[in-house]
Amino acid sequence: MKPQSVTVSLVAKTIFPKLGLSLKGLNSGVFSGSWSGSGAVLEKRSPIDGSLLGRVQQASAEDYEKAMTAAQAAFLAWRDLPAPKRGEVVRQLGNALRELKTELGQIVSLEAGKILSEGEGEVQEMIDICDFAVGLSRQLHGLTIASERPGHRMMEQWQPLGVVGIISAFNFPVAVWAWNSALAAVCGDATIWKPSEKTPLIAIACIKIAEKVCRANGVDPAIFSLVIGEGKTVGELLSNDRRIPLVSATGSTRMGQRVGEVVAKRFGRSLLELGGNNAIIVTPSADLKLAKRAIVFGAVGTAGQRCTSTRRIFVHESIKAEFVASLVAAYAQLPIGSPLEKTTLIGPLIDEAAVAMMQASLKQVKKFGGNVLCGGELVKGNYVTPCIVEAQNDWPVVQHETFAPILYVMGYRELDDAIAMQNAVPQGLSSAIFTTDLREAEKFLSARGSDCGIANVNIGTSGAEIGGAFGGEKETGGGRESGSDAWKAYMRRQTVTINYSNALPLAQGIKFGD
Ligand code: NAD
């Protein structure tokens with residue numbers, strides 16, 4: 001492991017004041033137009049060295065109620081503002097995030113353990129979605145549809161939906177908030193955000209920025225409300241709340257199953273972004289240099305803690321031995337250490353529980369007879385060496401998402417078999433093929449190809465752009481966020497028919513009393 005020259009406390013001391021965070025005092029974990037919090041105090045420790053980063057007063061049930069009431073009131077005023085004016089506020093939010101990009105990136109590193117460039121990359125995603133949303137604010141368009149009745153016009157329009165609940169995971173502690181809240185804001189919605197309790201400080205920093213922008217524009221800042229707390233308390237309040245027409249929840253499949261059920265029971269809508277078990281197929285015609293780079297980045301980037309991390313590869317038997325040996329050699333060169341060091345590529349896992357989960361999965365792999373080709377050791381603290389294992393696709397441990405850098409390697413002879421194995425898992429988020437053969441690429445993208453929400457050719461499984469709709473099938477939850485027409489989930493669709501004739505013709509030619 002590389003030695004550490006930049007300490008957590010030094011970085012925290014420099015950036016906390018700029019982000020409006022308190023190092024020694026208590027940070028309010030509730031924003032409802034003003035800052036408060038009367039729930040239990042959360043001590044946030046950095047995964048980098050275990051040191052105390054800050055203390056946060058979480059939301060009690062009363063705090064939640066206050067924040068929700070404020071968000072609802074803010075929504076009623078916000079929805080009346082023309083969408084391009086809402087877009088102007090979001091444009092300023094994007095600029096404010098730009099100004100603090102370095103500091104925000106650093107706090108993502110301190111709290112989530114991401115390397116600096118990935119921390120900044122996450123902030124860039126927030127900026128990008130703001131830019132996207134600004135353009136969208138002038139394009140929330142419906143359709144005009146041919147009416148079967150003379151003298152009638154039929155159309156479809158989109159109305160603001162209400163207060164959108166956002167539940168987010170630790171590994172994209174702020175991008176997911178921005179994906180949801182920037183779109184929701186231009187759509188005329190307010191948001192109430194319950195971030196991961198593992199990353200509370202960056203959430204507070206972002207809401208402080210949003211608050212400032214709202215105040216400068218005379219907008220009620222409660223359109224960006226915040227309630228920090230645990231899933232089983234604040235998360236449950238939010239999913240059970242009938243005042244919330246849409247809950248967008250990002251996290252594990254287990255969490256999504258619970259939230260999906262609770263929200264459906266009250267006839268709310270949920271947008272679920274859950275676990276993945278992403279695979280790359282490497283064919284004999286592949287550019288192996290590209291494939292190697294994509295697989296290494298996909299499997300060990302963010303220490304294997306991305307929903308789109310590459311977890312399985314299927315390599316054609318004719319090239320498998322040599323290609324896998326080149327991967328093992330590449331793994332041996334990867335610098336592991338503090339994510340605050342510029343040359344580090346692999347930082348820590350989020351906490352001890354994540355380390356234990358990785359160890360437990362590797363134990364299972366060995367029980368099934370898996371061949372560990374490299375890695376899997378605990379270095380120190382939350383730092384582990386990334387691991388490559390020869391395995392079989394139908395082993396329960398391979399079917400399951402372990403949120404750690406374990407890459408399962410499997411061989412194949414026929415492309416149809418590789419595609420079938422790739423699809424034969426409960427999750428359906430991201431997938432890729434490396435090939436220079438047009439027929440193979442097109443087969444992979446055809447109806448009988450990948451069954452995932454994301455299918456790539458000659459790029460890896462992770463690192464999606466915000467312009468496309470993001471999400472996956474099966475146990476990944478079916479939700480779509482970010483680009484394309486994902487905005488429609490944040491609005492209420494309304495079909496409108498206007499009769500400008502002097503008659504009242506009924507649809508389907510029905511005669512009724514005339
Ligand atoms: P997690 O499921 O433990 O927690 C996610 C969020 O859900 C947290 O805010 C948590 O407090 C909340 N939560 C937990 N139980 C809840 C309940 N009963 N009601 C309401 N909220 C509840 O996930 P995590 O460990 O933070 O993140 C890792 C997981 O997230 C992985 O499975 C990863 O694949 C997934 N993820 C998916 C995407 C995606 O877009 N598909 C993106 C990022 C992460």
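Two strands count as paired if DSSP finds at least two bridges between them. Strands (E, at least two residues) are DSSP runs, numbered from the N terminus. The model you have here is predicted, with local features needing pLDDT of at least 70. Residues are numbered from 1 along each chain as its sequence is written.

**Exercise 1. Work out which strands form the open sheet, and in what order.**

Solution, step by step:
- Start with one pair: β6 and β7 (residues 152-160) are antiparallel and share two bridges.
- Look at a single bridge: Thr 144 has Met 155 of β7 as its partner.
- Now add the third strand: the order is β6-β7-β26, with antiparallel pairing.
- Finally, check the edges: β6 (144-145) and β26 (491-499) each have a single partner strand, so one side of each has no neighbour in the sheet.

**Exercise 2. Find the residues of the nonpolar surface patch and say whether Phe 512 is buried or exposed.**

Solution, step by step:
- Leu 504, Leu 506, Ile 510 and Phe 512 make a patch of about 470 Å². Patch residues have over 30% relative accessible area (Shrake-Rupley, 1.4 Å probe) and no salt bridge (Lys or Arg side-chain nitrogen within 4 Å of an Asp or Glu carboxyl oxygen); nonpolar side chains are joined within 5 Å.
- Place Phe 512: this residue lies in the segment after β26.
- Phe 512 is exposed, at 70% relative accessible area, where exposed means over 50% and buried under 20%.

**Exercise 3. Describe how the two domains are arranged.**

Solution, step by step:
- The domain assignment (automatic or from a database) gives domain 1 as 8-274 + 477-493 and domain 2 as 278-465.
- In contact (heavy atoms within 4.5 Å) are 20 residues from domain 1 and 23 from domain 2.
- The C-alpha centres of the two domains lie 30 Å apart.

Key. This is a predicted model: local features need pLDDT of at least 70, side-chain atom pairs count only at pLDDT 80 or more; totals for chains, interfaces and linings use all residues. Side-chain values use heavy atoms; hydrogens and water are left out. Helices (H or I, at least four residues) and strands (E, at least two) are DSSP runs, numbered from the N terminus. Patches are made of residues with over 30% relative accessible area and no salt bridge: like charges are joined within 9 Å, nonpolar side chains (Val, Leu, Ile, Met, Phe, Trp, Tyr) within 5 Å. Buried means under 20% relative accessible area, exposed over 50%, partly exposed in between (1.4 Å probe, protein chains only).
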